[in-house]
Amino acid sequence: MAGDGGGERVSAAQVSLVLFGGKVSGAAADPVAGYFISRSRRTGAGHLMPWVLGCTPFITVAYFLLWFLPPFTSLRGLWYTSFYCLFQALATFFQVPYAALTMLLTPCPRERDSATAYRMTMEMAGTLMGAAVHGLIVAGAHRPHRCEDAALAGPLAVSPDATRLYSTAAAVLALTYPVCTGLLCLGVKERPDSSAPASGQSLSFLAGLGLAVRHPPYLKLGISFLFISAAIQVEQSYLVLFCTHASRLHDHVQSVVLTILVSAVLSTPLWEWVLQRFGKKTSAFGICMMVPFAILLAAVPTAPVAYVVAFVSGVSIAVSLLLPWSMLPDVVDAFQQQHQHGPGLETIFYSSYVFFTKLSGAGALGISTLSLEFAGYEAGACKQAEPVVVTLKVLIGVVPTCMILTGLCILMVGPTPKVPSQDPSRRQSLQRRTSYSLA
């Protein structure tokens, strides 16, 4: 976010406002998405697929405008805030039905787990490919410079060539939305819901949400992964700052991030096998693999240690992303069998889970940012004060360790929801006896 040759750059305060506004809008959109999706009617394309298709054109345009440099300079902060908030809200309306679609593909829990693992692998591979493509396109817009040179150069202007390259990269990546959504529509079909009652007592969104948050297995799953996901977000967010300011690893930042992504992509299929072989509760201990290595990096910040930590962190991140989405369908099935509600509650469970996860991540990152401010962090400074270095070590070592261990302790307390029968006829027979549907 910067101005052209004669314009002004967007200030750091405005960038912080943009990111905060996007976090808030994304979190606020989750219950809204759950409400409208749960009240929508099933069409010929299904119940969730029309939402995915309908959001695609708008999210494509919003993503492109995020990287577009407007001709005016005074309101650029407002421009980026508006479109980033819009993009996050549209992404929520896209992701909630896309994630909940797993519940409507098959009644078999094992097949759902396989579909979830495949989805997570492709999402992480897509993130890796997107970062690589974007980096290759905009590489010509950057030239390496030393910290001491930046102090002499003064304010840097963005050349027209850089503006063109960033717009080209944004257009290329934005086009992946309609392409991938088209492939999804052609290759994935929602399972016909023959069990949905033609009439019956309606269950409002708020009533369904109240039942969901009072369901003990869902409550335990949600709270445990609030801590775990917040720990992962803190670790990811401050690893770059740690490598830049608390160690001499600034030349390895890109390689370390790439190692994390590659490790996460490659280990996801392995974790799917572990989930099937040893159970989901046992697999959760894989998340704490990163704990001793993160502490080691804080104590011994060398390049070999950093790459080992990056690899192990990618493995742990893979299971931390895969496990909750694999356990959530089991919780929904257990809820439906226990309370004898028909299908349709999936979006409530999925949207509220995403909402609380985003909220916890935003809170953890906000508190961490404030701690850096109190320690005396100066944005853009070549060298940070010693309290800042100590704070960064705590943020990538102690804080994630405490959060992960807390989340695992909560997850391990009490029994795991029983996996419902994998026999589709038995499941459909049970659902035909229900008399509730969402209105």
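**Close-up 1. Aspartate 330, a buried partner for lysine 280.** In this predicted model, aspartate 330 has a relative accessible area of 6% and is therefore buried. Its side chain meets that of lysine 280 in a salt bridge, at 2.5 Å from N to O. Because aspartate 330 belongs to helix α13 (residues 303-339) and lysine 280 to helix α11, this pair ties together parts that are 50 residues apart in sequence. Lysine 280 has a relative accessibility of 14%, so it counts as buried too.

**Close-up 2. Lysine 280 also joins aspartate 113.** Follow lysine 280 to a further salt bridge, this one with aspartate 113, where the closest N and O atoms are 3.1 Å apart. Here distant parts of the chain are linked: lysine 280 sits in helix α11 (residues 280-283) and aspartate 113 in helix α4 (residues 109-138), 167 residues apart. Both lysine 280 and aspartate 113 are buried. With aspartate 330 buried at 6% as well, the view can be read as a whole: salt bridges that share partners join Asp113, Lys280 and Asp330 into one network. A search of the whole structure finds 4 salt bridges.

**Close-up 3. Arginine 119 and its surroundings in helix α4.** Arginine 119 forms a salt bridge with glutamate 123, and the closest N and O atoms are 3.1 Å apart. Both residues lie in helix α4, at a spacing of 4 residues, or about one turn of the helix. Is arginine 119 buried or exposed? Its relative accessibility is 9%, so it counts as buried. Glutamate 123, on the other hand, has a relative accessible area of 31% and is therefore partly exposed. Leaving aside neighbours within four places in sequence, arginine 119 is in contact with Tyr98, Ala99, Thr102 and Trp325. One of these contacts deserves a second look: the charged end of arginine 119 sits over the ring of tryptophan 325, 5.4 Å from its centre.

**Close-up 4. Aromatic pairs between helices α13 and α14.** The structure holds 16 aromatic pairs. Among them, tryptophan 325 and tyrosine 350 are stacked, at 5.6 Å centre to centre with 20° between the planes. Tryptophan 325 lies in helix α13 and tyrosine 350 in helix α14 (residues 346-375), so the pair ties together parts that are 25 residues apart in sequence. Tryptophan 325 and tyrosine 350 are both buried. Now look at phenylalanine 335 and phenylalanine 349: their ring centres are 5.2 Å apart and their planes meet at 65°, so this pair is edge-to-face. Because phenylalanine 335 is in helix α13 and phenylalanine 349 in helix α14, the pair ties together parts that are 14 residues apart in sequence. Phenylalanine 335 is buried, with a relative accessible area of 0%, and phenylalanine 349 is buried at 0% too.

**Close-up 5. An aromatic cluster and a charge over a ring.** Which residues form one aromatic cluster? They are Tyr63, Phe87, Phe94, Tyr98 and Tyr177. Tyr98 may look familiar, as it is also one of the contacts of arginine 119. For another charge over a ring, turn to arginine 277, which lies over the face of phenylalanine 278 at 5.1 Å from the ring centre.

**Close-up 6. A nonpolar patch on the surface.** Val32, Tyr35 and Phe36 make a nonpolar surface patch of about 260 Å². Phenylalanine 36 has its place in helix α1 (residues 12-39). With a relative accessibility of 44%, phenylalanine 36 counts as partly exposed.

Terms used
Residues numbered from 1 in each chain as written. Predicted model: local features only at pLDDT ≥ 70, side-chain atom pairs only at ≥ 80, totals over all residues. Heavy atoms only, no water. Patch = residues over 30% accessible without salt bridge, like charges linked within 9 Å, V, L, I, M, F, W, Y side chains within 5 Å. Areas by Shrake-Rupley, 256 points an atom, 1.4 Å probe, with all protein chains shown as cover. Helix = DSSP H or I, 4+ residues; strand = E, 2+ residues; numbered from the N terminus. Buried < 20%, exposed > 50% of the residue type's maximum accessible area, 1.4 Å probe, protein only. Contact = heavy atoms within 4.5 Å. Phe/Tyr/Trp six-rings, centres within 6.5 Å; stacked < 30°, edge-to-face > 60°. Lys NZ or Arg CZ within 6 Å of the ring centre and 35° of its normal.
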